[in-house]
Amino acid sequence: QVQLVESGGGLVQAGGSLRLSCAASGYISTIGAMNWYRQAPGKQRELVASITSGGTTNHADSVKGRFTASRDNAKNTVFLQMNSLKPEDTAVYYCNADIWTTMGDYRNYWGQGTQVTVSS
């Protein structure tokens, strides 16, 4: 009924940039906070950035000044602009969102993830 689909991952050299997108679709009434997480091999999943429906953002200390979360509420889409990428940013990046459906349900949804690989 609701899907989150990420795109924009890939292979980039250190110092480069990527822009991730995550589009929510389905029987959506309202979307609350939208978040980006990442999980590197052998490590726990960590919160990278979050953005409220009003546009207030929070970014992890490890990405502040390099990554920027934004969203287009009209298109139910959240973005993560990643600049000055480092090899330690290599991970699978996941989109996450609090969504109220048109059927009155509330749930936290996850996307399938997109791989970001930064070569040194």
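Is Arg38 buried or exposed? The points below take this up together with the salt bridges of the predicted model.

1. Arg38 is buried, its relative accessible area being 6%. That value falls under the 20% cut-off for burial.

2. The partner of Arg38 in a salt bridge is Glu46, and the closest N and O atoms of the two are 2.6 Å apart. Glu46 is partly exposed, at a relative accessible area of 35%. This bridge therefore joins a buried Arg38 to a partly exposed Glu46.

3. A salt bridge also connects Asp89 with Arg66, at 2.7 Å from N to O. Asp89 sits in the loop between strand 8 (77–82) and strand 9 (91–101), whereas Arg66 sits in the loop between strand 6 (57–59) and strand 7 (67–72), so the bridge ties together parts that are 23 residues apart in sequence. Both residues of this pair are buried.

4. The pairs in points 2 and 3 belong to one network: salt bridges link Arg38, Glu46, Arg66 and Asp89. Within that network, Arg38 is buried, as are Asp89 and Arg66, while Glu46 is partly exposed.

5. Asp61 and Lys64 form another salt bridge, with their closest N and O atoms 3.2 Å apart. Asp61 counts as exposed at 65% relative accessibility. Lys64 is exposed too, with a relative accessible area of 52%. Both values are over the 50% cut-off for exposure.

6. For the count, the structure holds 4 salt bridges. Among them are Glu46 with Arg38, Asp89 with Arg66 and Asp61 with Lys64.

How values were computed
Residues are numbered from 1 along each chain as its sequence is written. This is a predicted model: local features need pLDDT of at least 70, side-chain atom pairs count only at pLDDT 80 or more; totals for chains, interfaces and linings use all residues. Side-chain values use heavy atoms; hydrogens and water are left out. A salt bridge is a side-chain nitrogen of Lys or Arg within 4 Å of a carboxyl oxygen of Asp or Glu. Buried means under 20% relative accessible area, exposed over 50%, partly exposed in between (1.4 Å probe, protein chains only). Helices (H or I, at least four residues) and strands (E, at least two) are DSSP runs, numbered from the N terminus.
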